[in-house]
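Student: I've got the sequence and the model open side by side. Can we walk through how the pieces pack together?

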Amino acid sequence: MNLPKTFLTTTTVGSFPKPDYLKKARTQLSKEEISQEELERLEKKATREIIQFQEDLGLDILVDGEMYRGDMATFFAEHLSGCKISGLVRSYGNRYYRKPVVTGKLEWHGPITVDWWKYAQSLTEKPVKGMLTGPYTMMDWSFNEFYPDRRETALAFAEVIAQEALALEKAGAVCIQIDEPAVSTKIEELPVAVEALGRVTKNLKAKTISHMCYGNFAELYPKLLELPVDQLDLEMANSDYDLVELFKKTPFTKEIGLGVLDVHNHSIESKEIIKKRIQTILEVIPPERIYVDPDCGLKTRTMEESKAKLANMIEAVRELKKELLTFA
Ligand SMILES: [Zn+2]
């Protein structure tokens with residue numbers, strides 16, 4: 001077995017729990033008890049802490065933790081012309097959020113995430129991922145009052161997100177994640193997602209990743225491989241690795257972001273369970289194409305749970321790497 005220099009690279013999907021002082025500060029800002037500058041100072045403090053947290057754990061590719069943003073669609077929409085933000089809309093269960101409303105031609109007026117990426121990257125020698133929300137998901141999570149149909153809306157979002165992605169690359173990002181959690185929910189629209197995401201990734205030299213939450217993968221696969229990114233990051237622990245059977249029938253041809261930690265579960269996966277999960281995938285995908293991470297963002301867990309889960313994940317990878325090198 002010929003092992004490359006890097007294999008079984010560890011990373012996370014994007015979000016981490018926000019510290020209490022940051023949640024409090026956001027409430028205070030809404031009541032005008034603190035200034036925007038004060039909030040930003042605390043967002044930077046939280047970003048520094050989360051970079052240090054990942055360094056201490058020993059992760060290979062870091063994220064900024066998304067301390068400066070709430071919802072992943074509205075954050076981008078707020079910075080685009082042609083977009084307004086709706087009042088509170090009820091989503092799954094009892095959660096309420098604000099939805100973007102497309103009311104005119106979507107336009108990009110300059111970097112939205114680049115300063116935050118630069119700040120996070122300045123704190124570490126390890127690569128920090130650029131983080132964007134994909135055009136299909138932006139469209140699916142917005143109300144459209146301007147473009148003729150869903151495809152045109154997704155393509156319009158693609159134009160602005162492509163500019164943001166290029167700005168991130170120009171700033172030095174070597175890894176850009178373009179999340180498409182909505183893709184797995186509407187199988188019949190996969191061609192729209194493929195076309196729109198293609199417009200974002202076509203001029204990028206950086207490694208491109210797309211994260212997807214769990215969906216009906218049995219129907220989506222292998223068509224999913226048409227998504228024009230280098231790496232598909234899939235929620236797999238939560239679904240008990242039912243995808244492996246599909247990979248045996250049709251080989252997975254991209255890099256995989258392999259979810260090994262269930263983010264919806266309080267319990268801490270043992271090192272042994274995590275190793276077993278990775279070994280299952282090693283049967284169908286070579287180690288240099290496997291990136292080990294949690295199923296999804298960790299914002300729904302506590303910091304203690306996140307730390308315990310990730311520590312076991314890193315230890316599992318360390319042991320597996322050793323074993324692979326021994327038997328190579
Ligand atoms: Zn997810």
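**The sheet and its helices**

Student: Okay, in what order do the strands of the open sheet run?
Tutor: Keep in mind that we're looking at a predicted model. The open sheet has seven strands, and their pairing is parallel. Strand 1 (9-10) and strand 4 (130-133) are the edge strands, each pairing on one side only. Reading across, the order is 1-10-9-8-7-6-4.

Student: Which residue of strand 9 stands opposite Leu234?
Tutor: Look at strand 8 (residues 231-234) and strand 9 (residues 255-261), which pair in the parallel sense over four bridges. Across from Leu234, in strand 9, you'll find Leu258.

Student: Which strands does helix 10 touch where it packs on the sheet?
Tutor: Helix 10 covers residues 271-282, and its direction makes about 155 degrees with that of strand 9. Packed on the sheet, helix 10 touches strand 9 and strand 10 (290-294).

Student: What do you call the arrangement of helix 10 and helix 11?
Tutor: The axes of helix 10 and helix 11 (residues 303-327) come within 8 Å and cross at roughly 55 degrees. Angles under 35 degrees would count as roughly parallel, and 65 to 115 as roughly perpendicular. The crossing angle therefore makes helix 10, relative to helix 11, oblique.

Student: And how many charged residues are in the contact of helix 10 with helix 11?
Tutor: Helix 10 brings Lys271, Ile274, Lys275 and Ile278, while helix 11 brings Asn312, Met313, Glu315, Ala316, Glu319 and Leu320. Sorted by class, five are nonpolar and one is polar, and the charged ones number four.

Student: Now helix 4 and helix 6: what does their crossing angle make them?
Tutor: The axes of helix 4 (residues 114-122) and helix 6 (residues 150-171) come within 10 Å and cross at roughly 30 degrees. The cut-off is that angles under 35 degrees count as roughly parallel. So helix 4 is, with respect to helix 6, roughly parallel.

Student: How many nonpolar residues are in the contact of helix 4 with helix 6?
Tutor: From helix 4, Val114, Trp117 and Lys118 meet Ala167, Leu168 and Ala171 of helix 6. There are no polar residues in this contact and one charged, and the nonpolar count is five.

Student: Last one: is Arg26 buried, exposed or partly exposed?
Tutor: Arg26 sits in helix 1 (residues 20-30). A buried residue needs 20 or more other C-beta atoms within 10 Å, and an exposed one has 12 or fewer. Arg26 has 15, so the verdict is partly exposed.

Terms used:
Residues are numbered from 1 along each chain as its sequence is written. This is a predicted model: local features need pLDDT of at least 70, side-chain atom pairs count only at pLDDT 80 or more; totals for chains, interfaces and linings use all residues. Two strands pair if DSSP finds at least two bridges between them. Helices (H or I, at least four residues) and strands (E, at least two) are DSSP runs, numbered from the N terminus. Two residues are in contact if their C-beta atoms, placed from the backbone, lie within 7 Å. Axes are lines fitted to C-alpha atoms, for helices over the stretch in contact, and angles run from 0 to 180 degrees between N-to-C directions. Angles under 35 degrees count as roughly parallel, over 145 as roughly antiparallel, 65 to 115 as roughly perpendicular and the rest as oblique. Ala, Val, Leu, Ile, Met, Phe, Trp, Tyr, Cys and Pro count as nonpolar, Asp, Glu, Lys and Arg as charged, and the others, Gly among them, as polar.
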